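Me: Please take me through this structure in questions and answers, keeping to what can be computed from the atoms or read from the predictor's output.

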Amino acid sequence: MKSPLHVSRAESVYLYEVETQGLVLTGIGREVEQGAERARFERLMAEHERLVLRTALRLLGHVEEARDAAQEVFLKLYRNLGRMEPGRDPRPWLYRVTVNVCHDLQRHRGQEELDENQAADKPDPEAAAGLAEQRRLVEAGLRRLPEKERAAVVLRDIEGLTTREVAEILGSSEATVRSQIASARLKLRGFVGRKSG
Amino acid sequence: MSCGRWEKLIALEETGTPELRAHLAACLECQRLAEEIAATRQVLGSLRDPAIDSVRPLVLARIDGMERRRVWWPAWAAAAAVVVAIAFYIRPALQVETMPLPVMQIAKLAPRVAVPPATTVRKVRKPRTPALNRRVQEVKIQTGDPNVLLIWVMD
């Protein structure tokens, strides 16, 4: 027995009979192969999970928020998989959706959370004065950047995208993205310089 | 030319112009800026591999939950659609070629229809092309899932 309404997404069409209380009704149902779609989704998630998590973490600055954001991104991918061309590079779409999901999450952040982050920026006297401390300071500096500058510099300098790719993902012009990146780098350099003493 | 004018180009590491190269050769402040920008970019690049646990199990669990819910409610919506289709069929004056019910109506109708537990569904055969001289009435109902379209064909 197969329900005509079990999953969806394929092109096989069958006639179905629904019998209820002595009445037989005939209809046409469209049935889909879910197995192939599910496998494709899992493969995409395995390939690009680090990309999404890493980008979300640098945009949000919180591990748990980044994990929440990544889940939302992949659920959106699952819902939209049927509309995505197989074989097409999904990374621009993933970056764009990650930025948007993080933007939505940030809008719900309260001032209390921002103050918490600032408290965590205090230099750690125990930390080795080396790359670890530099990383900590740069991470703190990233959290302080305006959202758009942070997105631009994360995509450019952490994800390694070109300015043009960043502009396409953010829906901005290249000139705007260049200004945002320059501003972000100068601010980060200033922040790290001040905190390093 | 003052240093301020070169700041943006130095921040973008676009130091290839002869004029800027000459300025950098002469200005210690801008040299230091260029070095610090390069160092900051290097640290940014090292942030590519944070320690963060996979979300795959959570995502797959949520999808499984979504799929389980998706199997159940369309059955109710289908039963509601059957009732509606029968109602139109037995109303002699009404000519309905297609009846695209809004998605929200389907969701509202579904819970009110009691489907008897004895309902059985059988897959009969693949569709045949309707004969051209037969009058076929077709009712199409788009469900909340864009991939699920109910088509009821009545002779």
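**Confidence and composition**

Me: What is the mean pLDDT of chain B, and what percentage of its residues reach 70 or more?

Reply: This is a predicted model, in which local features need pLDDT of at least 70 and side-chain atom pairs count only at pLDDT 80 or more, while totals for chains, interfaces and linings use all residues. Residues are numbered from 1 along each chain as its sequence is written, with chains lettered from A and ligands numbered from 1 in the order in which they are written. On the scale of pLDDT (the predictor's confidence in each residue, from 0 to 100), chain B has a mean of 71, and the percentage of its residues that reach 70 or more is 54%.

Me: Which element of chain B has the highest mean pLDDT?

Reply: Over residues 101-119 of chain B the pLDDT stays under 50, although the model has 31 contacts beyond four places in sequence for them (a contact being two residues whose C-beta atoms, placed from the backbone, lie within 7 Å). Residues 129-133 of chain B are also below 50, and beyond near neighbours in sequence that stretch has one contact in the model. Among the elements of chain B (helices being DSSP runs of H or I with at least four residues and strands runs of E with at least two, numbered from the N terminus), helix H5 (residues 103-112) has the lowest mean, 42, and the highest, 93, belongs to H3(B).

Me: What ipTM does the predictor give the complex?

Reply: The predictor supplies two scores for the complex. The pTM is 0.63, and the ipTM is 0.70.

Me: In what order do the elements of chain B run from the N terminus on?

Reply: Chain A has eight helices and two strands, and along its sequence these follow the pattern β-β-α-α-α-α-α-α-α-α. Chain B has five helices and three strands, and from the N terminus on they run α-α-α-α-α-β-β-β.

Me: What percentage of the residues in chain B are buried?

Reply: A residue counts as buried if 20 or more other C-beta atoms lie within 10 Å of its own, exposed if 12 or fewer do, and partly exposed in between, with C-beta atoms placed from the backbone. By that criterion 34% of the 197 residues in chain A are buried, while for the 155 residues of chain B the figure is 18%.

**Helices and their packing**

Me: Which elements do the buried residues of H3(B) pack against?

Reply: Helix H3 (residues 28-45) of chain B reaches 26 Å from its first C-alpha to its last, close to the expected 26 Å (1.5 Å times one less than its number of residues). Its buried residues are B:Ile37, B:Thr40, B:Arg41, B:Val43 and B:Leu44. They cover an arc of only 160 degrees around the axis (taken from the directions from the helix axis to the C-beta atoms), which puts them on the same side of H3(B). These buried residues pack against helix H1 (3-11) of chain B together with three helices of chain A, namely H5 (131-144), H6 (147-158) and H8 (174-196).

Me: Which residues does A:Val73 touch, not counting those up to four places away in sequence?

Reply: A:Val73 is one of the buried residues of H2(A). In the largest nonpolar core (a set of buried Ala, Val, Leu, Ile, Met, Phe, Trp, Tyr and Cys residues joined through C-beta atoms within 7 Å), which has 47 residues, A:Val73 is among those that touch the most other members. Outside its sequence neighbourhood, A:Val73 touches A:Val52, A:Leu94, A:Val97, A:Thr98 and A:Val101.

Me: How many of the 12 residues of H6(A) are buried?

Reply: H6(A) reaches 15 Å from its first C-alpha to its last, close to the 16 Å expected. Its buried residues include A:Glu149, A:Arg150 and A:Asp157 as well as A:Ala152 and A:Ile158. The helix is mostly covered, and the number of its residues that are buried is 10.

**Individual residues**

Me: With which residues of chain B is A:Leu186 in contact?

Reply: A:Leu186 is found in helix H8 of chain A, and it counts as partly exposed because it has 19 C-beta neighbours inside 10 Å. Leaving aside neighbours within four places in sequence, A:Leu186 is in contact with B:Glu7 and B:Ala11.

Me: What is the phi of B:Glu13?

Reply: B:Glu13 is found in the loop between H1 and helix H2 (18-26) of chain B, where it is partly exposed, with 14 other C-beta atoms within 10 Å. Most residues other than glycine have a negative phi. B:Glu13 is not a glycine, yet its phi is positive, at about 60 degrees.
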